[in-house]
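Please read the following note with the sequence and the structure at hand. It is written for a reader who is new to protein structure.

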Amino acid sequence: MIMKLNVIIHHAEEGGFWAEIPALPGCVSEGDTMEEILANIKEAAEGWLAVAAVRTSRLLASQQEEETELMEIDL
């Protein structure tokens, strides 16, 4: 399954582009060409999601509640 995210691409003042994903706060990247910025922002999003998954796992483990479960879903 494929997850789709909206990406806002901006022209950088010094040339090239920078991009952000509003649904993933702080997820930004830059590149010289449109192809490069799309590849870079995809890599940034994958990293953002991986870190979020680890942080969620650690948070749930630290709570140690019997009624708490960690489940994965495919997007």
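The numbered points below go from the overall fold to single residues and then to a pocket.

1. Overall fold. The model under review is predicted. Its protein chain contains 1 helix and 3 strands, and these follow one another along the sequence in the pattern β-β-β-α. Of the 75 residues in the chain, 15% are buried. Among contacts between residues at least 6 apart in sequence, 16% join residues at least 24 apart.

2. The pairing of S2 and S3. These two strands pair in the antiparallel sense, over 4 bridges. Within this arrangement, Phe 17 stands opposite Gly 31 in S3.

3. The two faces of S3. In a regular strand the side chains alternate between the two faces of the sheet. Strand S3, residues 28-31, shows such alternation: Ser 29 and Gly 31 point to one face and are buried, whereas Val 28 and Glu 30 point to the other face and are not buried.

4. The nonpolar core. Which residues form the largest nonpolar core? The core has 8 residues, namely Phe 17, Ala 19, Ile 21, Leu 24, Cys 27, Ile 37, Ile 41 and Ala 45. Strand S2 (17-20) and helix H1 (34-63) each supply at least two residues of this core. The largest share, 3 residues, comes from H1.

5. Ala 45 as a point of contact. Ala 45 belongs to the core just described. Leaving aside residues up to four places away in sequence, Ala 45 touches Leu 5, Ile 21, Leu 24 and Cys 27.

6. Met 34. Is this residue of helix H1 buried, partly exposed or exposed? Met 34 has a relative accessible area of 38%; buried would require a value under 20% and exposed one over 50%, so Met 34 is partly exposed. Residues up to four places away in sequence not being counted, Met 34 touches Ile 9 and Phe 17. Met 34 and Phe 17 are 17 residues apart along the chain, and their C-alpha atoms are separated by 7.3 Å.

7. The second largest pocket. Rolling a probe the size of a water molecule over the atoms shows where empty space is left. The second largest pocket holds about 250 Å³ of space. Its lining consists of Met 3, Lys 4, Leu 5, Val 7, Ile 21, Leu 38, Ile 41, Lys 42, Ala 45, Glu 46 and Leu 49. By type, this lining divides into 8 nonpolar residues, no polar ones and 3 charged ones. Ile 21, Ile 41 and Ala 45 appear both in this lining and in the largest nonpolar core.

Note on methods:
Residues numbered from 1 in each chain as written. Predicted model: local features only at pLDDT ≥ 70, side-chain atom pairs only at ≥ 80, totals over all residues. Heavy atoms only, no water. 1 Å grid on protein atoms, 1.4 Å probe; cavity = no way out; pocket = protein on both sides within 12 Å on 5 of 7 lines; lining within 4 Å. Points joined across faces, edges and corners; volume = space filled by probe spheres on them. Nonpolar A, V, L, I, M, F, W, Y, C, P; charged D, E, K, R; others polar. Core = buried A, V, L, I, M, F, W, Y, C linked by side-chain atoms within 4.5 Å. Buried < 20%, exposed > 50% of the residue type's maximum accessible area, 1.4 Å probe, protein only. Contact = heavy atoms within 4.5 Å. Pairing = 2+ DSSP bridges.
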